[in-house]
Structure formats: structure tokens, C-alpha cells
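These are my notebook entries on a structure I looked up today. I took one helix and one strand in turn.

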Amino acid sequence: MIDVIDLKKQFDNGFTALESVSFSIEKGDLVCLLGPSGCGKSTILNLVAGLLTPSAGDIQFSGKSVVHTAPKDRNIGFVFQNYALYPHMTVLENIMFPLTVGKNKIKKDEAKKIAEEYMALTNIEDLSAKKPGTLSGGQQQRVAITRALVQKPEVLLLDEPLSNLDARLRLRIREEIRKLVKEVGITAIFVTHDQEEALSISDKIIIMNEGVVQQYDDPQNLYLEPANLFVAKFIGSPIINTLEIKISNDQIDFGAFTAPLSVLTESRQKKKLIDGVYTFAIRPEDVQPVAEHGLVSMHAAENEVIGRDSIIRFEKNGTTIKSIVNLENTVRDEEKMLHFNFNKAFIFDESGARVY
């Protein structure tokens with residue numbers, strides 16, 4: 001188990017990368033640190049690894065603080081973005097290397113046996129005698145992961161390990177990483193800025209922004225129950241529809257149209273909605289063109305095919321709403337009534353906090 005407690009990191013130039021970050025990771029979980037560039041996710045990884053020293057706070061492995069423990073003594077495996085393989089060594093030698101150095105080094109024959117066991121686990125036995133320069137990106141990544149796992153670390157850290165691979169290979173390797181981590185039963189922290197990657201591989205996701213944890217939750221909950229406007233906009237593709245609204249006199253003014261406040265279910269309200277300005281957000285799949293009894297009539301201005309579905313952009317008086325529909329229900333250059341599923345909609349106050 002990993003506990004990060006009130007962790008703060010301020011660099012010598014005065015820049016604060018982390019603001020009192022706290023979270024816990026259960027043993028055997030694969031947790032993704034997700035967020036835009038510069039949000040602090042790699043800083044957290046480097047602090048857990050011991051490559052950086054926190055300005056305040058604590059990091060504990062199984063209840064024991066490791067803040068003052070050297071990186072080599074933290075029992076971690078680290079997979080870097082650029083693989084960091086030794087070019088003059090063969091694949092087998094690269095994987096054996098961590099076992100043959102340091103105070104816990106073992107004999108080469110034993111190291112070779114362990115290395116070959118893990119190479120079989122990652123299906124790279126046939127690469128044993130090759131040098132890294134002759135391998136593809138995907139093969140190099142498998143070698144880097146195997147080298148990290150061979151040490152049987154308590155914690156595996158992966159820093160954007162798939163960013164140098166093409167889309168199809170990334171899909172395959174991320175599936176392999178999850179399978180491996182679960183087979184070995186290791187606790188893993190995976191840094192990425194790719195939400196699809198995080199949603200597909202994680203047990204849980206920590207969403208970061210500007211050095212602050214925005215939400216730590218199951219992938220499904222991040223999508224269905226975002227804690228704030230940042231999370232709602234960051235998770236989901238295409239991006240969630242957002243409209244500035246004004247609530248007054250039991251009416252919701254969307255700008256291009258209005259609706260009675262009664263369309264919002266009182267039981268979903270986080271707190272009573274008083275008159276004021278808010279941000280209304282709804283996923284494209286929760287806005288659907290209908291033949292009748294819709295909320296508003298809008299013009300289908302643009303259509304984008306995405307596999308079996310289509311994204312339709314509807315417009316009215318400067319207001320834009322996107323809808324995802326089955327290809328069979330696609331409409332083009334026509335007026336359509338739109339139905340809003342308000343039970344799946346969200347409302348955020350001016351600070352970005354969710355109120356509905």
C-alpha cells in the first residue's frame with residue numbers, strides 16, 4: 001500500500017508544482033496519474049521514486065515512511081519514457097543488470113535464470129541476443145518493462161511509457177502492461193496525459209490540474225459523476241457540451257432557449273439551486289434528435305462520422321450543441337428537435353464546483 005500525505009513540492013525558482021497532495025493506493029492496484037502537461041503528475045512519480053525530495057509531507061510504503069530512503073533502497077521498478085536501455089548490452093544483459101549490481105546482487109547464473117523466467121512472461125525470449133538498437137519501439141518497451149519487473153519491486157512506476165509508440169502498438173502494449181501487472185500482483189503507478197489510455201488500463205485514476213488532485217475515483221465514476229467542471233471537461237471524447245446558463249424565477253435561460261427549472265430533478269441537486277449564473281454540461285450521447293416533444297429546435301450544421309456513430313453539431317443563435325447518434329439516425333442540414341436527458345446533465349457554480 002502507498003500513502004501520499006499532504007505532499008508539497010516547491011522548486012528553488014519559487015514554482016510550486018504540488019499543493020498538499022494526498023491519496024492512498026491499495027496493494028496490487030494499477031493507478032493512473034492523469035492530467036495536462038505541467039499538472040504535477042511526473043513530479044509525484046519522481047517524488048515516490050526518490051528522484052526528488054518533497055518540500056513537505058510524507059510518502060509511505062506499507063505504513064513506513066520512505067522520504068529519507070535512497071531510491072535504490074525503496075524497492076521500486078521504474079520504466080522511463082525513453083526506455084533507458086544500455087545500447088552496448090544485449091537484451092538478456094540489460095535485464096540481468098539490475099540483479100548483478102548493488103548490495104543485493106546475485107550470481108550471474110542465478111540472475112540469468114531469473115531474467116529468462118521474466119522474458120518468458122513478457123514473450124521476448126527470442127530477442128535475448130539482440131542489442132536495443134536493432135529492436136522496434138514496442139520490443140524496446142517490453143525489454144524496459146521486463147528489466148523493471150525482474151527486480152520483483154514492491155512498486156512499479158511507469159512515466160508515459162507508451163508515448164513514443166504508434167496508436168495501434170500503444171493499444172496492444174497497454175493491454176499487455178495491465179495483464180502483466182495483475183499476473184505479478186504488483187502495485188503500479190502509471191503516468192499519462194491520454195485519457196483513453198488511463199480509462200482502459202486503470203483500477204483507479206487520479207486527475208491532476210495545477211498541482212492539485214481534482215478527483216480520485218474509478219474510471220467509470222469520473223465519467224458519470226465528475227466532481228467539478230475541470231474533470232467533466234477533461235474526461236470524455238468528444239468533449240462534454242457546456243453552456244452558460246442563468247437561473248431566475250424558476251426558469252433556466254440557456255441563451256438561445258429556455259426551460260422550466262422543474263426539468264432538474266431535486267434529488268440530484270448537491271445543494272439547492274438559487275438564482276444566479278452557472279455552467280450547464282451534458283454529454284453528447286445525452287442529447288438526441290427526436291421527431292417531437294424535444295426541448296428546442298436546432299439546425300444540424302455539421303456531421304462527423306466516427307466509426308459506427310456520428311457526431312452532429314447543432315446550432316441556434318450562436319449556441320452550439322453536439323450530439324452522438326447511430327449512423328442510421330444521422331441528420332444533415334435540417335432543423336431537428338433535441339431531447340436533453342437532464343438526469344445525466346451536470347451543473348457547476350462559478351467556481352467550477354458541482355451543484356447538480
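Which residues in α5 are buried? I worked on a predicted model, and I list Leu 169, Arg 170, Ile 173, Arg 174, Ile 177, Leu 180 and Val 181 as the buried residues of α5. They lie on the same side of α5 because they cover an arc of only 130 degrees around the axis.

I next looked up what this buried side meets. The buried residues of α5 pack against β3 (30–34), α3 (108–121), α4 (137–149), β7 (155–159), β8 (187–192) and α6 (195–201). On the face turned away from the buried side I noted the exposed residues Arg 168, Glu 175 and Lys 179.

I then checked the length and ends of α5. Helix α5 spans residues 167–184 and reaches 26 Å from its first C-alpha to its last, close to the expected 26 Å. At its N-terminal end, Asp 166 acts as a cap, with a side-chain oxygen 3.2 Å from the backbone nitrogen of Arg 168. Just after α5, Gly 185 has a positive phi of about 75 degrees.

My second entry concerns strand β11 (residues 241–248). Its side chains alternate: Asn 241, Leu 243, Ile 245 and Ile 247 are buried on one face, while Thr 242, Glu 244, Lys 246 and Ser 248 point to the other and are not buried. I found β11 antiparallel to β14 (residues 276–282), with 7 bridges; Thr 242 has Ala 281 as its bridge partner there. With β12 (residues 251–253), β11 pairs in the antiparallel sense over 3 bridges, and Ser 248 is partnered by Gln 251. In the hairpin of β11 and β12, Asn 249 takes a positive phi near 50 degrees.

Definitions and conventions
Residues numbered from 1 in each chain as written. Predicted model: local features only at pLDDT ≥ 70, side-chain atom pairs only at ≥ 80, totals over all residues. Heavy atoms only, no water. Helix = DSSP H or I, 4+ residues; strand = E, 2+ residues; numbered from the N terminus. Expected span 1.5 Å × (residues − 1). Buried < 20%, exposed > 50% of the residue type's maximum accessible area, 1.4 Å probe, protein only. Arc of directions from axis to C-beta. Contact = heavy atoms within 4.5 Å. Polar contact = N/O pair within 3.5 Å; in protein donor to acceptor, adjacent residues only side chain to side chain. Pairing = 2+ DSSP bridges.
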